[in-house]
Amino acid sequence: MPPDYCRMVRDVRRARKLVARGTAAAGSGHPGGSFSMAEIVGVLLFGGLLRHDPGNPDWEERDRLVLSKGHAAPGLFASLAVAGYFDESEMDTLRSLGSRLQGHPDLRCPGVEFCGGSLGIGLSFSVGAALAARLDGAAHRVYAIIGDGETDEGQVWEAAMAAAKYGTDNLTAILDRNCIQQDSHTESVMPLDGPGPPGRGAADKWRAFGWNVIEADGHRVGQLHAALRAAAAHRGAPTVVIARTVKGRAVEHMEGNPKWHGKAPDPDVVPIIEAELDCQVAVAPSITAGGSPDLEGEARRCEEAGADLVHIDVMDGEFVPARTFGHERVARLRRATAVPFDVHLMIARPEKSALLYAEAGGDVVTVHAEACGEDTFGEIRDALRSARAGVGLAVSPGTELPEWAVRAAPSIDQVIVMSVVPGRSGQKYMEEAHGKTARIAARLRGAGFSGTIEADGGVGPENAGRCFADGARALACGSSVMGAPDARAAVGRIREAAAAERRRLLVREAGRLGGPALVEKWVGLHGGGCRAALEVMAAAEVA
Ligand code: DX5
Ligand code: ZN
């Protein structure tokens with residue numbers, strides 16, 4: 001089944017919000033490790049990888065999801081709630097007497113397979129479950145999420161040896177490699193990498209224990225999905241996916257800070273955390289903007305640059321004068337990278353081929369409002385949905401977002417606001433697009449839109465912050481990234497520009513919600529250079 005990128009991203013964000021809400025209500029719990037594994041659990045539960053049925057948690061043929069790092073229970077519960085195992089409001093009962101949602105998972109909670117109390121034993125349990133499935137001739141898989149802190153336990157390595165001995169290829173372990181355990185960094189408590197090369201030693205250890213090893217960025221759902229699919233296809237040995245993650249990911253003051261291993265957020269700041277989670281930015285370099293005919297090489301260059309999506313501009317020589325390529329080329333390109341494809345169709349009669357682009361591997365497929373009306377867009381949307389692709393609608397500079405699109409907003413995943421005349425990269429950003437984007441964002445806000453606005457055309461480090469402030473949360477960047485000598489550095493500068501605006505927006509949000517006292521509390525949570533920047537912003541807001 002294709003991954004359903006938009007759903008994964010949206011549901012993972014929703015689950016993170018529930019973690020913040022639940023742990024704040026409980027006054028205790030483990031947000032750091034819940035956030036580091038949010039995409040791991042999300043890809044399994046929402047990405048179509050895990051065979052499961054929230055309406056029938058005991059379904060015999062289900063795949064088994066074992067959370068060995070049980071202290072991250074809020075992350076598991078939140079994702080189970082979003083998946084539909086129980087009502088999201090139950091998160092408010094986290095850790096209270098009588099609740100099914102305790103500090104560690106237990107079997108009273110639907111969807112929980114294993115009581116992850118004491119750490120270090122989930123992999124042993126999982127090896128047993130995988131062997132049992134083999135004895136029963138059952139086809140289900142076992143997925144075990146383990147922590148890098150718990151791999152200090154000798155039992156983990158005993159389980160690793162046993163799994164290799166019995167060749168349990170129906171078992172996938174996923175190591176949440178956030179490099180922080182209870183009190184400090186893993187490499188200072190008990191080095192998992194050492195003495196191997198930095199960042200590689202853990203992989204070498206697992207290989208030495210006879211496992212198939214796949215390394216992946218644990219926060220990129222496309223790559224994780226591909227890694228887990230490859231793991232399931234591997235025969236003869238168990239696979240461990242070493243997912244490189246960041247503890248506290250997506251909440252800046254928690255990121256990489258051991259303090260947030262087991263500490264709940266203050267309920268006052270939860271709405272600001274929720275706003276922060278809504279403000280994550282995706283950078284989507286436009287693959288054709290570098291001018292190279294080697295699209296596979298350009299796709300890999302996007303990946304190495306740290307792109308969240310690859311923006312693919314399809315032009316047909318009719319809707320726009322230029323012509324690029326068709327869906328067959330996109331399908332071939334799909335093999336070059338697991339980075340999700342953001343396919344921008346600048347074509348006439350998109351109803352004839354939008355689905356083909358989804359089937360070719362488009363994770364979000366965007367058609368132009370100038371090329372379709374309400375009814376044809378409805379058809380396109382249904383077709384894209386059936387292929388689990390995100391649904392996008394683009395408006396060219398001369399076009400306002402049509403009223404029918406606002407009515408359809410709840411079923412749209414992406415709105416592209418073009419800031420150049422469609423047809424070629426390297427043009428200058430049209431300044432009036434700022435106001436237009438802000439207007440569209442305001443219209444969509446009241447219309448049940450839970451998708452993303454993407455700014456496209458002439459976007460780079462110098463105006464990315466402004467685009468973010470307008471309401472764009474995805475940035476299609478052509479020449480500013482693919483034409484830059486160092487694409488990775490360019491993406492970094494674009495991200496930093498957006499992050500600076502995000503900080504400003506959140507300081508403002510704190511002021512709106514709780515005045516100077518809450519601003520001070522919010523700023524005080526941050527450290528280092530970020531704290532200094534926030535203090536300047538807070539002073540400017542008060543002045
Ligand atoms: C324009 C395309 C854009 C463009 C982006 O027709 O839709 O995606 O290539 O490139 P820059 O950022 O160079 O405008
Ligand atoms: Zn584009």
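**Start at Asp363**

Select Asp363 to begin: this residue is buried, since its relative accessible area is 11%, under the 20% cut-off used for that word. Keep in mind as you go that the model is predicted. Asp363 belongs to strand S9, which covers residues 362–368. Now add Arg334 to your selection. The side chains of Asp363 and Arg334 are joined by a polar contact of 2.9 Å.

**On to the zinc ion**

Next, select ligand 2, the zinc ion. Which residues donate to the zinc ion from the protein? Show His311, Asp313, His344 and Asp456 as sticks, and you have its protein donors. His311 uses its NE2 atom and His344 its ND1 atom, while Asp313 and Asp456 each contribute through OD. These donors lie 2.1 to 2.3 Å from the zinc ion.

What arrangement do the 6 donor atoms make around the zinc ion? The angles they subtend run from 70 to 171 degrees, and the arrangement is therefore octahedral.

If your viewer has a sequence panel, look at the spacing of the donor residues of the zinc ion: H-x1-D-x30-H-x111-D. One pair deserves a pause, as it links distant parts of the chain: His311 sits in strand S7 (residues 310–315) and Asp456 in strand S12 (residues 452–456), 145 residues apart. Are these two buried or exposed? Both His311 and Asp456 are buried.

**Step across to ligand 1**

Keep His311 on screen and select ligand 1. A polar side-chain atom of His311 lies 3.3 Å from an oxygen atom of this ligand. Then look at two glycines. Gly423 places a backbone N or O atom 2.8 Å from an oxygen atom of ligand 1, and a polar backbone atom of Gly426 is 2.8 Å from an oxygen atom of ligand 1. Switch on a surface here if you like: ligand 1 taken alone exposes 380 Å², and the protein buries 99% of that.

How many residues surround ligand 1? There are 18, and the closest are Gly423, Gly426, Asp456, Gly478 and Ser479. You have already met Asp456 as a donor of the zinc ion. Try colouring the shell by class: 10 of its residues are polar, 5 are nonpolar and 3 are charged. Strand S7 and strand S8 (341–346) each supply at least two residues of this shell. The largest share, 3 residues, comes from S7.

**Two residues with a positive phi**

Now for some backbone geometry. In general, most residues other than glycine have a negative phi. Select Ala250, where phi is positive at about 90 degrees although the residue is not a glycine. You will find Ala250 in the loop between strand S5 (239–244) and helix H10 (270–277). Ala250 is buried, with a relative accessible area of 5%.

Jump to Asp4 for the second case. Its phi is near 60 degrees, again a positive value in a residue other than glycine. Asp4 lies in the segment before H1, and with a relative accessible area of 14% Asp4 counts as buried.

**Last stop: Pro3**

Stay in this segment and select Pro3, which also lies before helix H1 (5–26). Is Pro3 buried or exposed? With a relative accessible area of 18%, Pro3 is buried. To finish, draw a distance from the C-alpha of Pro3 to the C-alpha of Lys436. The two are 32 Å apart in space and 433 residues apart in sequence.

Definitions and conventions: Residues numbered from 1 in each chain as written. Chains lettered and ligands numbered in written order. Predicted model: local features only at pLDDT ≥ 70, side-chain atom pairs only at ≥ 80, totals over all residues. Heavy atoms only, no water. Donors = N, O, S within 2.8 Å, 3.2 Å for Na, K, Ca; no water. Tetrahedral: all angles 85-135°; square planar, octahedral: opposite > 155°, others 65-115°. Helix = DSSP H or I, 4+ residues; strand = E, 2+ residues; numbered from the N terminus. Buried < 20%, exposed > 50% of the residue type's maximum accessible area, 1.4 Å probe, protein only. Near = heavy atom within 4 Å. Polar contact = N/O pair within 3.5 Å; in protein donor to acceptor, adjacent residues only side chain to side chain. Areas by Shrake-Rupley, 256 points an atom, 1.4 Å probe, with all protein chains shown as cover. Nonpolar A, V, L, I, M, F, W, Y, C, P; charged D, E, K, R; others polar.
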